[in-house]
Amino acid sequence: MLNLQRTDLFREAAYVGGEWSAGSGDSWQTIHNPADGERLGRVPCLTRAQVADAIRAADKAFAEYRQWTGKAKAAVLQRWAALMQEHKADLARIMTAEQGKPYAEAMGEIDYASSFLEWFGEEAKRIYGETIPAPRGTQRITVIRQPVGVCAAITPWNFPSGMVTRKVAPALAAGCTVLLKPAPQTPFSALALCVLAEEAGLPKGALSILTGNAEDIGAELIESETVRKLSFTGSTAVGKKLMAACAGTMKKLSLELGGNAPFIVFDDANLDAAVQGALASKFRNGGQTCVCANRFFVQAGIYDSFVERLTKAVISMRVGRGTDHGVTLGPLIDDAAFRKVERLVDDARAKGAQVRAGGQPHSAGPRFYTPTVLTEVDYSMSIMHEEIFGPVAAITRFTDEAEAITLANTTRYGLAAYFYTSDLNRSIRVTEALDYGIVGLNEGAISTEVAPFGGIKESGFGKEGSRHGIDEYSERKYVCVGNVS
Ligand code: ADP
(Lines give C-alpha, C1' and ligand atoms only; values in the text may rest on other atoms or scores of the structure.)
Protein backbone atom coordinates (compact mmCIF):
# COMPACT_ATOMS: atom_id res chain seq x y z
CA MET A 1 0.00 0.00 0.00
CA LEU A 2 2.79 2.44 0.95
CA ASN A 3 5.22 0.87 -1.52
CA LEU A 4 8.21 1.35 0.75
CA GLN A 5 11.66 0.15 -0.23
CA ARG A 6 12.38 -0.40 3.43
CA THR A 7 9.21 -1.78 4.94
CA ASP A 8 10.78 -1.81 8.42
CA LEU A 9 10.54 1.99 8.53
CA PHE A 10 6.81 1.64 9.09
CA ARG A 11 6.38 0.67 12.77
CA GLU A 12 3.12 0.03 14.57
CA ALA A 13 4.80 0.32 17.95
CA ALA A 14 6.03 2.83 20.48
CA TYR A 15 9.75 3.13 21.24
CA VAL A 16 10.47 3.05 24.96
CA GLY A 17 13.98 3.21 26.35
CA GLY A 18 15.51 1.70 23.24
CA GLU A 19 12.95 -1.10 22.77
CA TRP A 20 9.99 -1.32 20.39
CA SER A 21 6.87 -1.73 22.49
CA ALA A 22 3.26 -2.78 21.91
CA GLY A 23 2.26 -1.07 25.15
CA SER A 24 -0.07 -3.18 27.22
CA GLY A 25 -1.18 -4.87 23.99
CA ASP A 26 -4.87 -4.15 24.44
CA SER A 27 -5.24 -0.44 23.73
CA TRP A 28 -4.46 1.08 20.33
CA GLN A 29 -4.99 4.24 18.28
CA THR A 30 -5.90 3.88 14.61
CA ILE A 31 -4.42 6.24 12.04
CA HIS A 32 -6.17 7.10 8.79
CA ASN A 33 -5.09 8.65 5.52
CA PRO A 34 -6.79 12.08 5.42
CA ALA A 35 -7.09 11.91 1.61
CA ASP A 36 -9.50 8.98 1.60
CA GLY A 37 -10.07 7.92 5.21
CA GLU A 38 -8.32 4.60 4.56
CA ARG A 39 -6.88 2.87 7.64
CA LEU A 40 -3.09 3.11 7.61
CA GLY A 41 -2.26 1.27 10.78
CA ARG A 42 -2.27 1.56 14.56
CA VAL A 43 0.01 2.52 17.42
CA PRO A 44 -0.21 1.42 21.05
CA CYS A 45 -1.60 3.59 23.82
CA LEU A 46 1.09 3.44 26.48
CA THR A 47 0.00 3.32 30.08
CA ARG A 48 1.23 5.93 32.52
CA ALA A 49 3.45 3.27 34.09
CA GLN A 50 5.10 2.67 30.72
CA VAL A 51 5.66 6.40 30.28
CA ALA A 52 7.28 6.38 33.72
CA ASP A 53 9.55 3.52 32.51
CA ALA A 54 10.56 5.66 29.53
CA ILE A 55 11.39 8.56 31.85
CA ARG A 56 13.57 6.29 34.00
CA ALA A 57 15.35 4.99 30.88
CA ALA A 58 15.93 8.57 29.67
CA ASP A 59 17.35 9.50 33.06
CA LYS A 60 19.67 6.51 33.11
CA ALA A 61 20.82 7.23 29.55
CA PHE A 62 21.37 10.89 30.44
CA ALA A 63 23.96 10.03 33.10
CA GLU A 64 26.17 8.57 30.40
CA TYR A 65 25.13 10.53 27.33
CA ARG A 66 25.84 13.90 28.94
CA GLN A 67 29.51 12.92 29.02
CA TRP A 68 29.73 12.42 25.27
CA THR A 69 32.05 14.77 23.43
CA GLY A 70 30.69 17.22 20.90
CA LYS A 71 32.46 15.28 18.20
CA ALA A 72 30.80 11.98 19.16
CA LYS A 73 27.32 13.56 19.31
CA ALA A 74 27.96 15.27 15.98
CA ALA A 75 28.90 11.97 14.36
CA VAL A 76 25.59 10.34 15.36
CA LEU A 77 23.49 13.32 14.31
CA GLN A 78 25.24 13.57 10.96
CA ARG A 79 24.87 9.84 10.32
CA TRP A 80 21.19 10.15 11.15
CA ALA A 81 20.85 13.05 8.67
CA ALA A 82 22.60 11.00 5.98
CA LEU A 83 20.23 8.06 6.60
CA MET A 84 17.26 10.39 6.24
CA GLN A 85 18.60 11.48 2.88
CA GLU A 86 19.21 7.88 1.86
CA HIS A 87 15.61 6.90 2.69
CA LYS A 88 14.03 10.18 1.73
CA ALA A 89 11.46 8.72 -0.68
CA ASP A 90 10.18 6.21 1.90
CA LEU A 91 9.97 8.86 4.62
CA ALA A 92 8.08 11.19 2.26
CA ARG A 93 5.65 8.40 1.32
CA ILE A 94 4.87 7.71 4.96
CA MET A 95 4.37 11.43 5.57
CA THR A 96 2.03 11.99 2.63
CA ALA A 97 0.00 8.93 3.64
CA GLU A 98 -0.59 10.07 7.22
CA GLN A 99 -0.58 13.86 6.76
CA GLY A 100 -1.93 14.38 3.24
CA LYS A 101 0.56 16.96 1.94
CA PRO A 102 1.69 16.73 -1.71
CA TYR A 103 4.58 14.31 -2.15
CA ALA A 104 6.90 17.06 -3.42
CA GLU A 105 6.26 19.03 -0.22
CA ALA A 106 6.88 15.92 1.86
CA MET A 107 10.23 15.45 0.10
CA GLY A 108 10.99 19.10 0.88
CA GLU A 109 10.10 18.54 4.51
CA ILE A 110 12.52 15.62 4.77
CA ASP A 111 15.28 17.97 3.60
CA TYR A 112 14.11 20.56 6.13
CA ALA A 113 13.97 17.97 8.92
CA SER A 114 17.39 16.49 8.19
CA SER A 115 18.88 19.99 8.02
CA PHE A 116 18.30 20.35 11.78
CA LEU A 117 20.26 17.14 12.45
CA GLU A 118 23.09 18.41 10.29
CA TRP A 119 23.06 21.92 11.75
CA PHE A 120 22.87 20.91 15.39
CA GLY A 121 25.41 18.16 14.78
CA GLU A 122 27.77 20.96 13.80
CA GLU A 123 26.69 23.10 16.76
CA ALA A 124 27.31 20.25 19.21
CA LYS A 125 31.00 21.06 18.89
CA ARG A 126 30.47 24.75 19.67
CA ILE A 127 28.70 24.91 23.01
CA TYR A 128 31.10 27.55 24.20
CA GLY A 129 31.35 28.99 27.70
CA GLU A 130 32.79 32.35 28.77
CA THR A 131 35.48 33.87 30.94
CA ILE A 132 34.61 37.13 32.65
CA PRO A 133 37.15 39.58 34.10
CA ALA A 134 36.59 39.37 37.87
CA PRO A 135 36.08 42.45 40.06
CA ARG A 136 38.75 41.21 42.52
CA GLY A 137 42.30 40.17 41.72
CA THR A 138 41.93 37.01 43.80
CA GLN A 139 38.96 35.73 41.81
CA ARG A 140 38.49 34.06 38.42
CA ILE A 141 35.05 33.86 36.84
CA THR A 142 34.02 31.38 34.17
CA VAL A 143 30.71 30.25 32.74
CA ILE A 144 30.25 26.68 31.58
CA ARG A 145 27.28 25.30 29.68
CA GLN A 146 25.67 22.01 30.59
CA PRO A 147 22.67 20.03 29.30
CA VAL A 148 19.32 20.77 30.94
CA GLY A 149 18.66 17.06 31.52
CA VAL A 150 15.77 14.84 30.48
CA CYS A 151 13.51 16.77 28.08
CA ALA A 152 9.94 16.22 26.92
CA ALA A 153 8.87 17.25 23.42
CA ILE A 154 5.28 17.40 22.18
CA THR A 155 4.81 17.93 18.45
CA PRO A 156 1.92 18.71 16.07
CA TRP A 157 0.77 16.96 12.88
CA ASN A 158 1.44 19.69 10.29
CA PHE A 159 5.18 18.95 9.98
CA PRO A 160 5.41 15.35 11.18
CA SER A 161 9.20 15.15 10.69
CA GLY A 162 10.34 18.77 10.76
CA MET A 163 8.89 19.49 14.18
CA VAL A 164 10.50 16.34 15.56
CA THR A 165 14.07 17.07 14.51
CA ARG A 166 13.72 20.78 15.28
CA LYS A 167 13.39 19.78 18.94
CA VAL A 168 15.27 16.50 19.17
CA ALA A 169 18.40 17.64 17.31
CA PRO A 170 19.29 20.61 19.56
CA ALA A 171 18.39 18.59 22.66
CA LEU A 172 20.68 15.71 21.71
CA ALA A 173 23.40 18.11 20.56
CA ALA A 174 23.33 19.77 23.96
CA GLY A 175 23.66 16.38 25.70
CA CYS A 176 20.03 15.98 26.81
CA THR A 177 17.91 12.87 26.39
CA VAL A 178 14.41 13.20 24.95
CA LEU A 179 10.91 11.79 25.39
CA LEU A 180 8.87 12.70 22.34
CA LYS A 181 5.10 12.56 22.03
CA PRO A 182 4.12 12.91 18.38
CA ALA A 183 0.69 14.12 17.28
CA PRO A 184 -1.91 11.32 17.26
CA GLN A 185 -2.66 11.93 13.57
CA THR A 186 0.98 11.47 12.43
CA PRO A 187 3.02 9.10 14.63
CA PHE A 188 4.50 7.02 11.80
CA SER A 189 6.92 9.69 10.56
CA ALA A 190 8.37 10.09 14.07
CA LEU A 191 8.65 6.31 14.48
CA ALA A 192 10.38 5.96 11.10
CA LEU A 193 12.90 8.62 12.14
CA CYS A 194 13.52 6.65 15.28
CA VAL A 195 14.41 3.50 13.30
CA LEU A 196 17.08 5.56 11.57
CA ALA A 197 18.28 7.16 14.81
CA GLU A 198 18.84 3.70 16.25
CA GLU A 199 20.76 2.76 13.10
CA ALA A 200 22.85 5.94 13.35
CA GLY A 201 24.06 4.82 16.77
CA LEU A 202 21.95 6.81 19.21
CA PRO A 203 22.27 5.03 22.56
CA LYS A 204 19.30 3.25 24.13
CA GLY A 205 17.13 5.57 26.18
CA ALA A 206 18.41 8.77 24.57
CA LEU A 207 15.19 9.02 22.55
CA SER A 208 11.79 7.50 23.24
CA ILE A 209 8.67 7.93 21.11
CA LEU A 210 5.56 7.79 23.26
CA THR A 211 2.26 7.06 21.54
CA GLY A 212 -1.23 7.04 23.01
CA ASN A 213 -3.50 9.32 24.97
CA ALA A 214 -2.17 12.90 24.95
CA GLU A 215 -3.53 13.86 28.38
CA ASP A 216 -2.13 10.75 30.10
CA ILE A 217 1.30 10.98 28.52
CA GLY A 218 1.38 14.74 29.02
CA ALA A 219 0.43 14.44 32.69
CA GLU A 220 3.08 11.81 33.42
CA LEU A 221 5.78 13.87 31.69
CA ILE A 222 4.75 17.12 33.31
CA GLU A 223 4.34 15.81 36.84
CA SER A 224 7.73 14.11 36.71
CA GLU A 225 10.52 15.78 38.68
CA THR A 226 13.04 14.03 36.44
CA VAL A 227 11.83 15.79 33.29
CA ARG A 228 13.47 19.22 33.43
CA LYS A 229 12.15 20.79 30.26
CA LEU A 230 9.15 20.79 27.96
CA SER A 231 9.27 21.94 24.37
CA PHE A 232 5.80 22.16 22.86
CA THR A 233 4.51 23.12 19.43
CA GLY A 234 0.74 23.31 19.07
CA SER A 235 -2.26 25.45 19.86
CA THR A 236 -2.13 28.42 22.21
CA ALA A 237 -4.96 26.93 24.28
CA VAL A 238 -3.05 23.70 25.00
CA GLY A 239 0.22 25.61 25.41
CA LYS A 240 -1.29 27.73 28.19
CA LYS A 241 -2.57 24.64 29.99
CA LEU A 242 0.81 22.93 29.77
CA MET A 243 2.64 26.06 30.92
CA ALA A 244 0.43 26.29 33.99
CA ALA A 245 0.94 22.59 34.73
CA CYS A 246 4.73 22.90 34.36
CA ALA A 247 4.78 25.44 37.20
CA GLY A 248 4.44 22.51 39.63
CA THR A 249 7.98 21.32 38.90
CA MET A 250 9.29 24.62 37.48
CA LYS A 251 10.28 23.17 34.13
CA LYS A 252 12.18 25.14 31.55
CA LEU A 253 9.81 25.82 28.65
CA SER A 254 9.82 26.50 24.93
CA LEU A 255 6.39 27.16 23.46
CA GLU A 256 5.76 27.57 19.77
CA LEU A 257 2.04 28.29 19.58
CA GLY A 258 -0.54 29.67 17.19
CA GLY A 259 -0.06 32.54 14.76
CA ASN A 260 -2.20 35.06 12.90
CA ALA A 261 0.31 36.28 10.36
CA PRO A 262 -0.32 39.54 8.49
CA PHE A 263 0.83 39.82 4.88
CA ILE A 264 1.06 43.47 3.82
CA VAL A 265 1.45 44.59 0.23
CA PHE A 266 2.30 48.26 -0.27
CA ASP A 267 1.60 50.17 -3.49
CA ASP A 268 5.33 50.26 -4.27
CA ALA A 269 5.78 46.46 -4.02
CA ASN A 270 7.03 44.23 -6.79
CA LEU A 271 3.71 42.64 -7.70
CA ASP A 272 5.14 39.40 -9.12
CA ALA A 273 7.20 38.81 -6.00
CA ALA A 274 4.23 39.64 -3.75
CA VAL A 275 1.92 37.17 -5.51
CA GLN A 276 4.58 34.45 -5.43
CA GLY A 277 5.26 35.13 -1.76
CA ALA A 278 1.53 35.08 -1.01
CA LEU A 279 1.15 31.67 -2.63
CA ALA A 280 4.16 30.25 -0.79
CA SER A 281 3.15 31.64 2.56
CA LYS A 282 -0.59 31.00 2.32
CA PHE A 283 -1.01 27.72 0.49
CA ARG A 284 1.97 25.60 1.50
CA ASN A 285 0.77 22.52 3.36
CA GLY A 286 -2.80 23.49 2.45
CA GLY A 287 -2.53 26.57 4.64
CA GLN A 288 -1.90 24.43 7.69
CA THR A 289 1.18 26.06 9.18
CA CYS A 290 1.52 28.47 12.08
CA VAL A 291 3.42 30.92 9.85
CA CYS A 292 0.85 30.86 7.04
CA ALA A 293 -0.40 34.33 6.05
CA ASN A 294 -3.76 34.61 7.81
CA ARG A 295 -4.68 38.21 7.00
CA PHE A 296 -3.75 39.99 3.78
CA PHE A 297 -3.63 43.81 3.88
CA VAL A 298 -3.25 45.35 0.45
CA GLN A 299 -2.86 49.07 -0.25
CA ALA A 300 -5.64 50.71 -2.29
CA GLY A 301 -3.51 51.57 -5.35
CA ILE A 302 -2.40 47.97 -5.97
CA TYR A 303 -5.43 46.18 -4.50
CA ASP A 304 -7.30 45.32 -7.70
CA SER A 305 -4.26 44.06 -9.60
CA PHE A 306 -3.01 42.01 -6.61
CA VAL A 307 -6.43 40.40 -6.13
CA GLU A 308 -6.74 39.65 -9.83
CA ARG A 309 -3.27 38.06 -10.06
CA LEU A 310 -3.61 36.06 -6.87
CA THR A 311 -7.08 34.81 -7.82
CA LYS A 312 -5.82 33.65 -11.21
CA ALA A 313 -2.97 31.72 -9.57
CA VAL A 314 -5.25 30.22 -6.92
CA ILE A 315 -7.81 29.00 -9.46
CA SER A 316 -5.06 27.13 -11.31
CA MET A 317 -3.93 25.18 -8.23
CA ARG A 318 -4.30 21.41 -8.53
CA VAL A 319 -6.23 19.82 -5.69
CA GLY A 320 -6.05 16.10 -4.98
CA ARG A 321 -4.28 13.23 -3.27
CA GLY A 322 -0.73 14.12 -2.34
CA THR A 323 0.57 11.12 -4.25
CA ASP A 324 -1.02 12.17 -7.56
CA HIS A 325 1.34 13.81 -10.02
CA GLY A 326 1.24 17.61 -10.16
CA VAL A 327 -1.00 18.07 -7.12
CA THR A 328 -0.26 21.29 -5.23
CA LEU A 329 -2.97 21.15 -2.57
CA GLY A 330 -3.92 18.11 -0.49
CA PRO A 331 -6.73 17.46 2.00
CA LEU A 332 -7.16 19.08 5.39
CA ILE A 333 -5.95 16.89 8.24
CA ASP A 334 -9.36 15.83 9.56
CA ASP A 335 -13.09 16.52 9.62
CA ALA A 336 -12.80 19.07 12.44
CA ALA A 337 -10.25 21.08 10.43
CA PHE A 338 -12.54 20.99 7.41
CA ARG A 339 -15.54 22.17 9.44
CA LYS A 340 -13.52 25.05 10.88
CA VAL A 341 -12.53 26.33 7.43
CA GLU A 342 -16.13 26.03 6.24
CA ARG A 343 -17.39 27.91 9.31
CA LEU A 344 -14.88 30.77 8.88
CA VAL A 345 -15.66 31.22 5.17
CA ASP A 346 -19.42 31.08 5.73
CA ASP A 347 -19.20 33.61 8.56
CA ALA A 348 -17.10 36.00 6.44
CA ARG A 349 -19.46 35.67 3.49
CA ALA A 350 -22.51 36.30 5.67
CA LYS A 351 -20.86 39.49 6.97
CA GLY A 352 -20.10 40.90 3.53
CA ALA A 353 -16.88 39.31 2.23
CA GLN A 354 -16.74 38.74 -1.54
CA VAL A 355 -15.78 35.27 -2.78
CA ARG A 356 -13.35 35.67 -5.71
CA ALA A 357 -12.35 31.99 -5.89
CA GLY A 358 -13.45 28.79 -4.17
CA GLY A 359 -15.59 29.33 -1.09
CA GLN A 360 -16.83 25.76 -1.08
CA PRO A 361 -15.84 22.14 -0.50
CA HIS A 362 -13.90 20.43 -3.27
CA SER A 363 -15.10 17.36 -5.14
CA ALA A 364 -11.85 15.43 -4.47
CA GLY A 365 -13.23 14.11 -1.17
CA PRO A 366 -14.78 14.92 2.20
CA ARG A 367 -11.74 16.71 3.68
CA PHE A 368 -10.79 18.73 0.58
CA TYR A 369 -11.60 22.44 0.47
CA THR A 370 -11.36 24.49 -2.74
CA PRO A 371 -8.56 27.08 -2.56
CA THR A 372 -10.31 30.32 -1.77
CA VAL A 373 -9.82 34.07 -2.13
CA LEU A 374 -12.04 36.40 -0.10
CA THR A 375 -11.97 40.19 -0.42
CA GLU A 376 -13.52 43.08 1.53
CA VAL A 377 -12.73 41.23 4.75
CA ASP A 378 -12.93 43.17 8.04
CA TYR A 379 -12.54 42.71 11.78
CA SER A 380 -16.23 41.91 12.33
CA MET A 381 -15.43 38.49 10.82
CA SER A 382 -14.04 35.55 12.81
CA ILE A 383 -11.52 34.82 10.06
CA MET A 384 -9.50 37.89 11.15
CA HIS A 385 -9.19 36.65 14.71
CA GLU A 386 -8.77 32.89 14.37
CA GLU A 387 -6.01 30.87 12.80
CA ILE A 388 -7.63 29.59 9.56
CA PHE A 389 -5.34 26.58 9.05
CA GLY A 390 -6.76 26.10 5.59
CA PRO A 391 -6.39 27.27 1.96
CA VAL A 392 -8.21 30.59 2.31
CA ALA A 393 -6.71 34.01 1.55
CA ALA A 394 -8.67 36.75 3.35
CA ILE A 395 -7.92 40.21 1.93
CA THR A 396 -8.51 43.67 3.40
CA ARG A 397 -7.85 47.05 1.76
CA PHE A 398 -5.86 49.81 3.53
CA THR A 399 -4.83 53.34 2.63
CA ASP A 400 -1.64 54.30 4.49
CA GLU A 401 1.34 52.81 6.34
CA ALA A 402 0.16 53.71 9.84
CA GLU A 403 -3.17 52.00 9.20
CA ALA A 404 -1.40 48.87 7.87
CA ILE A 405 0.74 48.61 11.01
CA THR A 406 -2.24 49.04 13.31
CA LEU A 407 -4.22 46.43 11.39
CA ALA A 408 -1.28 44.01 11.41
CA ASN A 409 -0.61 44.37 15.13
CA THR A 410 -4.28 44.03 16.12
CA THR A 411 -4.02 40.44 17.34
CA ARG A 412 -2.95 38.55 20.44
CA TYR A 413 -0.49 36.54 18.35
CA GLY A 414 3.04 37.47 17.32
CA LEU A 415 4.76 34.73 15.32
CA ALA A 416 5.41 35.67 11.67
CA ALA A 417 4.62 38.77 9.60
CA TYR A 418 5.30 39.49 5.94
CA PHE A 419 5.41 42.69 3.96
CA TYR A 420 6.30 43.74 0.44
CA THR A 421 7.73 47.14 -0.48
CA SER A 422 10.58 48.53 -2.54
CA ASP A 423 11.07 51.61 -0.35
CA LEU A 424 14.18 51.31 1.83
CA ASN A 425 13.03 53.64 4.60
CA ARG A 426 9.63 52.02 4.78
CA SER A 427 11.34 48.60 5.01
CA ILE A 428 13.15 49.69 8.13
CA ARG A 429 10.19 51.52 9.72
CA VAL A 430 7.71 48.70 9.19
CA THR A 431 10.15 45.94 10.23
CA GLU A 432 10.69 47.74 13.54
CA ALA A 433 6.99 48.48 14.07
CA LEU A 434 5.68 44.94 13.58
CA ASP A 435 5.12 43.09 16.87
CA TYR A 436 6.28 39.70 15.64
CA GLY A 437 9.17 37.29 16.25
CA ILE A 438 9.78 36.74 12.53
CA VAL A 439 9.51 39.18 9.62
CA GLY A 440 9.58 38.20 5.95
CA LEU A 441 10.48 41.36 4.01
CA ASN A 442 9.80 40.72 0.31
CA GLU A 443 9.93 37.03 1.23
CA GLY A 444 7.15 34.50 1.79
CA ALA A 445 9.19 31.43 2.83
CA ILE A 446 11.04 32.11 6.06
CA SER A 447 11.72 28.72 7.70
CA THR A 448 15.34 27.57 7.76
CA GLU A 449 17.55 25.75 10.24
CA VAL A 450 20.06 28.62 10.34
CA ALA A 451 17.68 31.28 11.73
CA PRO A 452 15.97 31.63 15.13
CA PHE A 453 12.31 30.69 14.68
CA GLY A 454 9.91 31.71 17.44
CA GLY A 455 7.15 34.06 18.46
CA ILE A 456 6.21 36.72 20.98
CA LYS A 457 2.91 37.58 22.74
CA GLU A 458 0.51 34.61 22.76
CA SER A 459 2.51 32.83 20.06
CA GLY A 460 4.85 31.72 22.84
CA PHE A 461 8.58 32.02 23.50
CA GLY A 462 11.85 30.27 22.86
CA LYS A 463 13.84 29.91 19.65
CA GLU A 464 14.19 26.88 17.41
CA GLY A 465 16.99 26.62 14.86
CA SER A 466 20.16 28.73 14.59
CA ARG A 467 22.96 28.87 17.15
CA HIS A 468 20.39 30.16 19.65
CA GLY A 469 18.34 26.95 19.38
CA ILE A 470 20.76 25.09 21.57
CA ASP A 471 20.36 27.62 24.41
CA GLU A 472 16.91 26.18 25.05
CA TYR A 473 18.53 22.87 26.03
CA SER A 474 21.56 24.08 27.95
CA GLU A 475 22.05 25.91 31.23
CA ARG A 476 24.79 28.40 31.96
CA LYS A 477 26.64 27.60 35.18
CA TYR A 478 28.69 30.44 36.63
CA VAL A 479 31.80 29.38 38.54
CA CYS A 480 33.57 31.82 40.85
CA VAL A 481 37.05 30.74 41.89
CA GLY A 482 38.29 32.65 44.94
CA ASN A 483 41.51 33.04 46.93
CA VAL A 484 43.68 32.79 43.86
CA SER A 485 47.20 33.68 44.93
P1 ADP B 1 -3.84 20.93 17.04
O2 ADP B 1 -5.17 21.58 17.26
O3 ADP B 1 -3.04 21.55 15.96
O4 ADP B 1 -3.87 19.44 16.96
P5 ADP B 1 -2.98 20.77 19.76
O6 ADP B 1 -2.40 21.86 20.59
O7 ADP B 1 -4.30 20.22 20.17
O8 ADP B 1 -2.98 21.34 18.29
O9 ADP B 1 -1.99 19.55 19.66
C10 ADP B 1 -0.58 19.66 19.52
C11 ADP B 1 0.07 18.51 20.25
O12 ADP B 1 -0.26 18.61 21.63
C13 ADP B 1 -0.39 17.11 19.82
O14 ADP B 1 0.71 16.23 19.91
C15 ADP B 1 -1.43 16.78 20.85
O16 ADP B 1 -1.63 15.39 21.01
C17 ADP B 1 -0.80 17.38 22.08
N18 ADP B 1 -1.74 17.66 23.19
C19 ADP B 1 -2.98 18.13 23.12
N20 ADP B 1 -3.52 18.24 24.38
C21 ADP B 1 -2.56 17.82 25.25
C22 ADP B 1 -2.47 17.69 26.67
N23 ADP B 1 -3.47 18.02 27.47
N24 ADP B 1 -1.32 17.21 27.20
C25 ADP B 1 -0.29 16.90 26.41
N26 ADP B 1 -0.30 17.00 25.07
C27 ADP B 1 -1.42 17.45 24.49
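Trainee: Where in this predicted model does Phe 389 lie, and what makes its phi stand out?
Mentor: Phe 389 belongs to the loop that runs between β15 (372-375) and β16 (392-398). Its phi is near 55 degrees, which is a positive value in a residue other than glycine.

Trainee: What is the phi of Lys 457, and is this residue buried, exposed or partly exposed?
Mentor: Lys 457 is not a glycine, yet its phi is positive, at about 50 degrees, and its place is in strand β20 (residues 456-457). Its relative accessibility is 39%, so Lys 457 counts as partly exposed, because that value falls between the limits of 20% for buried and 50% for exposed.

Trainee: Which residue is listed under "active site", and how do you know whether Glu 256 is buried or exposed?
Mentor: UniProt, in an unreviewed entry, lists Glu 256 for that feature, and in the model this residue lies in strand β11 (residues 252-256). The relative accessible area of Glu 256 is 4%, and since buried means under 20%, the residue is called buried.

Trainee: What does Glu 256 touch?
Mentor: Leaving out residues up to four places away in sequence, Glu 256 touches Arg 166, Phe 232, Thr 233, Gly 234, Cys 290, Leu 415, Phe 453, Ser 459 and Glu 464. Each of these counts as a contact because heavy atoms of the two residues lie within 4.5 Å.

Trainee: How many residues surround the ligand, and which are the closest?
Mentor: There are 16 residues around the ligand, and the closest of them are Thr 155, Trp 157, Lys 181, Phe 232 and Ser 235. Phe 232 also appears among the residues that Glu 256 touches.

Trainee: What makes the approach of Thr 155 to the ligand a polar contact?
Mentor: A polar backbone atom of Thr 155 and an oxygen atom of the ligand are 2.7 Å apart, and the pair therefore meets the limit of 3.5 Å for N or O atoms. The side chains of two other residues can be judged in the same manner: a polar atom of Trp 157 lies 3.2 Å from a ligand oxygen, and a polar atom of Ser 235 lies 2.7 Å from a ligand oxygen. As for the ligand as a whole, it exposes 550 Å² when taken alone, and the protein buries 79% of that area.

Trainee: How do you know that strand β8 is mostly covered?
Mentor: Strand β8 spans residues 177-181, and 5 of its 5 residues are buried. Thr 177, Leu 179 and Lys 181 point one way from the strand, while Val 178 and Leu 180 point the other way, and all are buried.

Trainee: Why are β7 and β8 called paired?
Mentor: Pairing requires at least two bridges, and 5 bridges join β7 (residues 150-154) to β8, so the two strands, which run parallel, qualify. One of the partnerships links Val 150 with Thr 177 in β8.

Trainee: What can be said of the cover of β13 and of its link to β12?
Mentor: In β13 (residues 293-299), 7 of its 7 residues are buried, and the strand is accordingly described as mostly covered. Strand β12 (residues 261-265) runs parallel to β13 and is joined to it by 5 bridges, with Val 265 standing opposite Val 298.

Trainee: Which elements do the buried residues of α12 pack against?
Mentor: They pack against β12, β13, β16, α13 (424-433) and β20. The buried residues of this helix (residues 401-409) are Glu 401, Ala 404, Ile 405, Leu 407, Ala 408 and Asn 409.

Trainee: Is Thr 165 buried or exposed, and what lies 2.9 Å from a polar atom of its side chain?
Mentor: Thr 165, found in helix α5 (residues 162-174), has a relative accessibility of 0%, and because this is under 20% the residue counts as buried. The backbone oxygen of Ala 113 lies 2.9 Å from that side-chain atom. Ala 113 is also one of the residues in contact with Thr 165, as are Met 84 and Leu 193.

Trainee: How do you know whether Ile 141 is buried or exposed?
Mentor: Ile 141 is placed in strand β6 (residues 140-147), and its relative accessibility of 11% is under 20%, so it counts as buried. Beyond its neighbours within four places in sequence, its contacts include Glu 130, Pro 135 and Tyr 478.

Terms used: Residues numbered from 1 in each chain as written. Predicted model: local features only at pLDDT ≥ 70, side-chain atom pairs only at ≥ 80, totals over all residues. Heavy atoms only, no water. UniProt positions renumbered as here; feature names shortened; annotations may be inferred. Helix = DSSP H or I, 4+ residues; strand = E, 2+ residues; numbered from the N terminus. Buried < 20%, exposed > 50% of the residue type's maximum accessible area, 1.4 Å probe, protein only. Near = heavy atom within 4 Å. Polar contact = N/O pair within 3.5 Å; in protein donor to acceptor, adjacent residues only side chain to side chain. Areas by Shrake-Rupley, 256 points an atom, 1.4 Å probe, with all protein chains shown as cover.
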